[in-house]
Amino acid sequence: YDLDISIVDLKQVEWRLDAEFYQPEYLIGNSSIIEHNFSFLSEITEKIDVWFVWSMVSEYTNDWILLLQTQNVDGFFVKLENYKMINPWFHKRLKKSQVEKWNILIARSWSFGKASIYMWDEVINSSDIIIVQANEEKVNSYYLTAFINSKFWQNQLYRFASWGLQWHVNLTILESLKIPLSSLPFQSSIAELIQEAHKQRELSKSLYAEAEDILL
């Protein structure tokens with residue numbers, strides 16, 4: 001039989017002893033990252049924070065300030081379907097949960113570990129979402145978003161994830177995850193691809209709505 005096993009030197013064993021932590025796929029991915037220039041997430045960001053994680057149903061309104069929840073976080077881009085709104089005084093109170101342009105949003109649960117980059121000027125708010133602000137002198141926000149949505153990040157996240165009724169992203173673990181740092185020109189080329197993808201996505205929505213109108 002072919003056995004999918006890992007053989008790990010006892011001197012290299014970390015604080016975890018469970019077999020799940022040493023799956024071959026996780027070890028291979030970790031080796032691939034440390035072979036390159038890398039930094040821990042905490043070293044290349046200005047902010048990693050999650051604030052309001054409790055119910056705020058009583059603060060919902062039909063207008064005012066857009067509120068993003070974990071189901072609005074998708075791979076790369078925010079989904080603006082089925083969003084909620086909150087009143088402006090509650091928004092002002094939730095300073096740490098406010099989302100600004102170029103913030104990276106990571107789903108704490110639900111769409112576990114997916115990341116979207118917020119691309120609009122309007123300051124909005126969030127619930128149960130981890131907000132990451134990149135240090136642009138060290139890493140491009142788009143490049144960081146792309147890596148967070150890659151299997152190399154996801155494997156790190158699943159390896160260290162907290163278990164419960166749902167998966168939850170632990171902030172302390174998040175800060176210690178490794179990010180390989182390519183050259184800034186290469187990072188910029190990744191950013192251009194994502195920006196073009198967003199442009200084409202918005203165009204497709206517009207054309208689809210136009211086609212619906214013609215059909216009706």
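User: What makes aspartate 121 count as exposed in this model?

Analyst: In this predicted model, aspartate 121 has a relative accessible area of 62%. The cut-off for exposed is over 50%, so aspartate 121 is exposed.

User: Why is the pairing of aspartate 121 with lysine 101 called a salt bridge?

Analyst: The N to O separation between the two side chains is 3.1 Å. A salt bridge requires a side-chain nitrogen of Lys or Arg within 4 Å of a carboxyl oxygen of Asp or Glu, and therefore the pair qualifies. Aspartate 121 lies in the loop between β8 and β9, and lysine 101 in the loop between α2 (88-93) and β7, 20 residues apart. Lysine 101, at 31% relative accessibility, counts as partly exposed.

User: How do you know that arginine 108 and aspartate 128 form a salt bridge, and what parts of the chain does the pair tie together?

Analyst: Their side chains meet at 2.7 Å, N to O, and the limit is 4 Å. Arginine 108 is in the loop between β7 and β8, whereas aspartate 128 is in the loop between β9 and β10 (129-134), so parts that are 20 residues apart in sequence are tied together.

User: Which class of accessibility applies to arginine 108, and which to aspartate 128?

Analyst: Buried means under 20% relative accessible area, and partly exposed runs from there up to the exposed class, which is over 50%. Arginine 108, at 23%, is therefore partly exposed. Aspartate 128, at 15%, is therefore buried.

User: What makes aspartate 74 and lysine 114 a salt bridge, and where in the chain do they lie?

Analyst: The closest N and O atoms of aspartate 74 and lysine 114 are 3.3 Å apart, which satisfies the 4 Å limit. The pair links distant parts of the chain, 40 residues apart: aspartate 74 is in the loop between β4 (65-68) and β5 (76-77), and lysine 114 is in the loop between β7 (104-107) and β8. Aspartate 74, with 21% relative accessibility, counts as partly exposed; lysine 114, with 35%, also counts as partly exposed. The structure holds four salt bridges.

User: What makes tryptophan 120 eligible for a surface patch, and which residues join it there?

Analyst: Tryptophan 120 has 32% relative accessibility and counts as partly exposed. Patch members need over 30% relative accessible area and no salt bridge. Leu80, Tyr83 and Trp120 form the nonpolar patch, with about 270 Å² of accessible area together. Tryptophan 120 sits in the loop between β8 (115-117) and β9 (125-126).

User: Why are α3 and α6 called roughly perpendicular?

Analyst: Helix α3 (residues 141-148) and helix α6 (residues 184-215) pack at an angle of about 80°, with their axes 7 Å apart. Angles of 65 to 115 degrees count as roughly perpendicular, and the two helices are therefore assigned to that class. Tyr142, Tyr143 and Ala146 of α3 make the contact with α6, whose residues there are Phe186, Gln187, Ile190, Ala191, Ile194 and Gln195.

User: How do you know that helix α4 is largely enclosed by the rest of the structure?

Analyst: Seven of the ten residues of α4 (residues 151-160) are buried, so the helix is largely enclosed. The buried residues are Trp153, Gln154, Asn155, Gln156, Leu157, Arg159 and Phe160. In the protein chain, buried residues make up 44% of the 216 residues.

How values were computed: Residues numbered from 1 in each chain as written. Predicted model: local features only at pLDDT ≥ 70, side-chain atom pairs only at ≥ 80, totals over all residues. Heavy atoms only, no water. Buried < 20%, exposed > 50% of the residue type's maximum accessible area, 1.4 Å probe, protein only. Helix = DSSP H or I, 4+ residues; strand = E, 2+ residues; numbered from the N terminus. Patch = residues over 30% accessible without salt bridge, like charges linked within 9 Å, V, L, I, M, F, W, Y side chains within 5 Å. Areas by Shrake-Rupley, 256 points an atom, 1.4 Å probe, with all protein chains shown as cover. Axes fitted to C-alpha atoms, helices over the stretch in contact; angles between N-to-C directions. Parallel < 35°, antiparallel > 145°, perpendicular 65-115°, else oblique. Contact = heavy atoms within 4.5 Å.
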